Amino acid sequence: MAFDILEAGLSTTVQDQGRIGYYRFGIPQGGSMDQYSATLANRLVGNTAAEAVLECTYIGPKLVTRADAVIAVTGAPVDVFVNGEIRAEYERITLVAGDELKFGVIKGGTKYFIAVHGGIDVPEVLGSRSTYPIGAIGGVEGRALAAGDLVPVGAAIDNGLPALQSIDVVDRPVFSRDVNVRVMLGLYDHHLSAEGLESLLTSEWVLTPVADRMGLRYSGPGVGWKDREQPFGAGQDPSNIVDAGYAVGSIQIPGGTQPIILHRDAVSGGGYAMVATVISADMDLVARCSPGTKTRFVAVTMDQALDARHDYSARAARIWS
Amino acid sequence: MAWIHADQSDESERMSHQIISPLPGIFYRKPGPGKEPYVNEGETISAGQTIGLVEIMKQFSEVRAEFDGVLEKFEIDDFGIVNPGDVIAITS
C-alpha cells in the first residue's frame with residue numbers, strides 16, 4: 001500500500017513523535033511541530049500515537065491512494081477534498097483505491113497533518129521516521145516530498161481502542177492571531193538590562209514570515225543588554241556568549257533586535273544568549289502561529305511550567321483512553 | 001508549480017478573475033533587485049505566466065495567472081505582506 005504524490009505542496013514531510021536521545025550529538029528531536037494535532041489524527045485512524053504522519057506546510061500535497069485507506073486531517077483549518085468533494089477535518093475519512101486527496105487554501109495557522117491507518121512506513125533512522133532535511137535523514141530519502149514520490153503506508157494495526165469518528169470541538173486546538181506564550185527565564189536573562197527584560201516580557205512581538213521548523217523570528221521593539229566586557233570566545237555583540245547548549249524552545253535575540261524561538265529542528269548549541277525558554281506545553285501553540293500573530297512572552301515558574309506540562313499530557317491522554 | 005489559482009467571479013459579464021495567494025509571506029513584483037517587474041497593470045498576460053513571487057521560509061514561490069487576460073490591478077504592493085486567501089491581483 002502506498003500514496004502516489006502528484007503534487008508535493010510547499011514543504012510536506014514525514015514526522016512522528018521525534019528522534020529522542022541524540023540531541024547531545026547535535027541531532028535535533030524533530031517530529032511533528034504541533035504534536036497534539038498530529039496525535040488527534042493518529043487517534044482518528046486507529047493508530048497508536050507513535051505512527052508517522054504527513055506534516056503539510058501552508059500548501060498540502062495532491063495524492064492518490066493505491067489501496068483502500070482510512071485517513072484523517074487535523075491541525076490548521078483547511079478545506080479537504082476527496083475526488084473534488086469537500087470533507088471535514090477532525091473526522092475519520094474512508095478512501096477507496098484510486099481516490100484523490102487534495103486541499104484548499106489554508107485558513108489559519110501553518111501546519112496540518114494527514115494520518116493514515118498503518119502509518120507512513122518509511123524506514124526508521126535513529127529510532128524515528130521524522131524527516132530532518134538539514135541532516136538529510138528520515139522521511140522519504142531525508143527530504144520533503146516531491147512530485148512522483150511513492151509514499152509507503154504500513155500494515156493494519158490494532159490499537160485496542162474503539163473507533164473514533166470525530167474529535168469533539170472542545171478537544172480541537174485553537175488557531176489564534178493573538179497569543180500568550182509561557183516562558184521560563186534563563187539561562188542568560190541576567191545579561192539583559194532591566195529595561196531589556198521589561199521589554200521582552202511586556203512588548204507585543206509580531207511573528208515575521210521568517211519562521212520554519214528550525215526557528216520563528218519575531219519583530220518588535222528589541223531589547224537592551226547590560227554593559228560587560230565580552231569574554232574570550234564570545235564575540236563582540238552583547239547578545240553573544242561563549243558557545244553553550246540550547247534548550248529546546250530557547251529564545252535568542254541576535255543583536256538585541258528580533259527574538260527567535262528555536263523549534264523542533266533547531267541546532268543543539270551555539271553562541272547566542274538564551275534569555276528565556278518556551279515551556280514544553282506551549283511549543284505546539286508556537287507551531288500553530290502564522291506570520292503576523294501578536295505574541296506576548298509571559299514568564300512562569302518551574303512549578304507552573306510543570307503543571308502546564310501535566311495538563312497538556314492529561315489532555316492528550318484523554319484522547320487515548 | 002502553479003501555486004496560485006484564480007477564482008471566477010461569475011456575476012460579471014466580462015470575465016473577471018482574482019489571483020489569490022495560498023501562502024503567507026512577502027510579495028515581490030520583480031524577479032530580483034534592479035530587475036523589471038514581471039508585469040505592469042494594463043498589460044496582457046497569458047495562463048501560466050508569472051506575475052510575482054511570494055517569499056516564505058526562505059523559499060520563493062512563483063505567482064502565476066491561470067487564465068489569459070489583462071492584469072487590471074495589483075491589490076498588494078511590491079514588498080507587501082500577504083496572507084493565505086488574499087487577492088494579489090485582478091485580471092479581466
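Helices and strands are DSSP runs, numbered from the N terminus; a helix has at least four residues and a strand at least two. With that in hand, let us walk through this structure, which is a predicted model.

## Two domains and the spaces around them

Chain A is divided into domain 1 (2-171) and domain 2 (178-319). The contact between them takes 27 residues from domain 1 of chain A and 25 residues from domain 2 of chain A. If you look for the C-alpha centres of these two domains, you will find them 28 Å apart.

Now for the empty spaces. The structure holds one cavity of 30 Å³ or more. Strand S13 (205-211) and helix H3 of chain A each supply at least two residues of its lining. Each of the two domains of chain A gives at least three residues to the lining of this largest cavity. Nearest its centre lie Tyr58(A), Thr110(A), Ala211(A), Asp212(A) and Leu216(A).

There is also a largest pocket, with about 750 Å³ of space. The residues closest to the centre of this pocket are Arg264(A), Ser280(A), Ala281(A), Met283(A) and Arg309(A). Where does the largest pocket lie with respect to domain 1 and domain 2 of chain A? Both domains give residues to its lining, so the largest pocket lies between them. Helices H1, H3 and H4 and strands S12 and S19 of chain A each supply at least two lining residues. The largest share, seven residues, comes from H4(A).

Here are the two spaces side by side:

| Space | Volume | Lining residues | Nonpolar | Polar | Charged |
|---|---|---|---|---|---|
| Largest cavity | about 80 Å³ | 14 residues | ten residues | two residues | two residues |
| Largest pocket | about 750 Å³ | 37 residues | 20 residues | twelve residues | five residues |

## Two helices of chain A

Let us turn to helix H1 (residues 35-44) of chain A. How many of its ten residues are buried? The answer is ten, and the helix is described as mostly covered. Among these buried residues are Tyr36(A), Leu40(A) and Arg43(A). They pack against strands S3 (53-57), S5 (69-75) and S10 (111-116), and also against helices H3 (283-287) and H4 (302-319) of chain A. Just after H1(A) comes Gly46(A), which takes a positive phi of about 85°.

Helix H2 (residues 194-202) of chain A makes a good second example. Its buried residues include Gly196(A), Ser199(A) and Leu200(A). Why do these three sit on the same side of H2(A)? They cover an arc of only 100° around the axis, and that puts them on one and the same side of the helix. A general rule helps here: an α-helix has 3.6 residues a turn, so residues three or four places apart point the same way. The face of H2(A) turned away from the buried side carries the exposed residues Ala194(A), Glu195(A), Glu198(A) and Thr202(A). The cover over the buried residues of H2(A) includes strands S12 (178-185), S13, S19 (274-278) and S20 (294-299) of chain A.

## Two loop residues

Loops deserve a look too. Ile106(A) is found in the loop between strand S9 (100-103) and S10 of chain A. Is Ile106(A) buried or exposed? Its relative accessibility is 1%, and buried means under 20%, so Ile106(A) counts as buried. Leaving aside residues up to four places away in sequence, its contacts include Tyr58(A), Pro77(A) and Tyr112(A), along with Pro22(B) and Pro84(B) from chain B. The C-alpha atom of Ile106(A) is separated by 7.1 Å from that of Ile59(A), although the two are 47 residues apart along the chain.

Gly135(A) lies in the loop between S10 and strand S11 (150-152) of chain A. With a relative accessible area of 36%, Gly135(A) is partly exposed. Its C-alpha atom and that of Gly26(A) are separated by 10.0 Å, with their positions 109 residues apart along the chain.

## Chain B

Finally, meet chain B. It has zero helices and nine strands, so to speak a run of β elements that follows the pattern β-β-β-β-β-β-β-β-β along the sequence. Of the 92 residues in chain B, 40% are buried. Among its contacts between residues at least 6 apart in sequence, 56% join residues at least 24 apart.

Terms used:
Residues are numbered from 1 along each chain as its sequence is written. Chains are lettered from A and ligands numbered from 1 in the order in which they are written. This is a predicted model: local features need pLDDT of at least 70, side-chain atom pairs count only at pLDDT 80 or more; totals for chains, interfaces and linings use all residues. Side-chain values use heavy atoms; hydrogens and water are left out. Buried means under 20% relative accessible area, exposed over 50%, partly exposed in between (1.4 Å probe, protein chains only). Contact means heavy atoms within 4.5 Å. On a 1 Å grid over the protein atoms alone, a cavity is a set of points where a 1.4 Å probe fits but cannot get out, and a pocket is an open set with protein on both sides within 12 Å along at least five of seven lines; lining residues have an atom within 4 Å of a point. Grid points are joined across faces, edges and corners, and a volume is the space filled by probe spheres set on the points. Ala, Val, Leu, Ile, Met, Phe, Trp, Tyr, Cys and Pro count as nonpolar, Asp, Glu, Lys and Arg as charged, and the others, Gly among them, as polar. Domain bounds come from an automatic or database domain assignment. The arc is that of the directions from the helix axis to the C-beta atoms.
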